[in-house]
Amino acid sequence: MMKWIRSKLVLVTGGLVLALAVGAAHADSVVFQDNFNSENGGNGTLAYTGLSNWTVTNGSLDLIGDGFWDLLPGNGLYLDMDGNTQDAATMHLTGGLNLGPGTYELNFDLAGNQRNGHSDSMTASFGGTSQLFTLPSNAGFATKSLLLNLANAANVSVIFNHTGGDNEGLLMDNVKISKLDSGSNGSVSSVPTPAAAVAGLALMGVLGLRRRRTQA
């Protein structure tokens with residue numbers, strides 16, 4: 001009886017180590033992120049073009065939130081992509097990103113203008129991948145994504161280009177770029193969680209031991 005219990009414990013422990021090792025092997029790595037909270041000394045301001053990591057090549061944007069024109073409280077500072085100069089912003093990641101071969105994902109949080117009932121549109125470009133995003137006024141923050149596959153190392157541009165010019169634009173926050181692990185499909189991995197792997201291995205071991213005891 002004690003031998004059977006020891007065998008079961010060894011099997012479960014080995015399954016835990018295996019599951020944790022498999023889970024750790026499928027971890028995406030962040031290569032860039034910006035939540036805008038430290039911009040302008042942490043203070044909101046209008047018609048802002050002095051972003052730390054970005055170059056505004058057209059128009060202006062408003063740095064709002066954290067009590068300053070805070071349209072969606074609880075999100076720190078974020079960007080209104082159509083600044084109060086009534087000329088919507090185009091902004092580039094300054095210098096681009098030097099990336100090696102692999103699959104990369106651009107994520108950013110986007111919300112509607114929260115004010116006048118009309119939809120707004122913005123094009124996000126990530127290297128050779130572009131997509132137009134259109135949101136209604138009352139849309140809350142939701143994460144949007146673009147994928148980029150690189151066969152060779154390259155300097156990759158990241159551009160956000162807002163259309164229109166009425167001082168009420170889409171709101172953007174939390175820009176992040178990650179290199180996806182080779183086992184990932186977008187941001188979703190098919191690898192089982194450690195708990196699921198342990199449960200499966202333990203069940204297989206128990207069934208196998210019971211079969212051997214019956215045969216004996």
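How many aromatic pairs does a search of the whole structure find? Five. I'll come back to those. First, a caveat: this is a predicted model.

Let's start with the overall picture. The protein has 216 residues, and 37% of them count as buried. Its secondary structure comprises two helices and 16 strands. The exposed surface is about 11,100 Å², with 53% of that supplied by carbon and sulfur atoms. Now the contacts. Take those between residues at least 6 apart in sequence: 71% of them join residues at least 24 apart.

On to the sheet. There is an open sheet of five strands. The order reads β3-β6-β13-β9-β10, and the pairing is antiparallel. Which strands stand at the edges? They are β3, residues 54–58, and β10, residues 129–135. Each has a single partner strand, so one side of each is left without a neighbour in the sheet. On average, neighbouring strands here are turned by 20° against each other, direction ignored.

Stay with β10 for a moment. Its pairing with β9, residues 120–126, is antiparallel and covers seven bridges. One point for orientation: Asp 120 has Leu 135 of β10 as its bridge partner.

Next, strand β8, residues 102–111. Is this strand mostly covered or mostly open? Mostly covered: eight of its ten residues are buried. Strand β8 runs antiparallel to β11, residues 142–150, and nine bridges join the two. Gly 102 sits opposite Leu 150 of β11. β8 also pairs with β14, residues 171–179, again in the antiparallel sense, over seven bridges. There, Asp 109 has Asp 173 of β14 as its bridge partner.

Now back to the rings. Remember the count: five aromatic pairs in the whole structure. Look at Phe 108 and Phe 133. Their ring centres are 5.4 Å apart and their planes meet at 85°, so this pair is edge-to-face. Phe 108 belongs to β8 and Phe 133 to β10, so the pair ties together parts that are 25 residues apart in sequence. Why does Phe 108 count as buried? Because its relative accessibility is 0%, and the cut-off for buried is under 20%. Phe 133 also counts as buried, at 7%.

Phe 108 has another ring pair, with Phe 160. Here the centres are 5.1 Å apart and the planes are at 75°, so this pair is edge-to-face too. Phe 160 lies in β13, residues 158–162, and Phe 108 in β8, so the pair ties together parts that are 52 residues apart in sequence. Both Phe 108 and Phe 160 are buried.

Put the ring pairs together and you get a cluster. What does it link? Phe 32, Trp 54, Phe 108, Phe 133 and Phe 160.

One last residue, His 162. Where is it placed? In strand β13. His 162 is buried, with a relative accessible area of 3%. A polar atom of its side chain lies 3.0 Å from the backbone nitrogen of Leu 170. Setting aside residues up to four places away in sequence, what does His 162 touch? Met 81, Asp 82, Ala 88, Ala 89, Asp 120, Ser 121, Met 122, Gly 169 and Leu 170. You have already met Asp 120 on that list: Leu 135 in β10 is its bridge partner.

To recap: an open five-stranded sheet, a mostly covered β8, a cluster of rings that includes Phe 108, and a buried His 162 in β13. That's it from me.

Methods:
Residues numbered from 1 in each chain as written. Predicted model: local features only at pLDDT ≥ 70, side-chain atom pairs only at ≥ 80, totals over all residues. Heavy atoms only, no water. Helix = DSSP H or I, 4+ residues; strand = E, 2+ residues; numbered from the N terminus. Buried < 20%, exposed > 50% of the residue type's maximum accessible area, 1.4 Å probe, protein only. Contact = heavy atoms within 4.5 Å. Areas by Shrake-Rupley, 256 points an atom, 1.4 Å probe, with all protein chains shown as cover. Pairing = 2+ DSSP bridges. Axes fitted to C-alpha atoms, helices over the stretch in contact; angles between N-to-C directions. Phe/Tyr/Trp six-rings, centres within 6.5 Å; stacked < 30°, edge-to-face > 60°. Polar contact = N/O pair within 3.5 Å; in protein donor to acceptor, adjacent residues only side chain to side chain.
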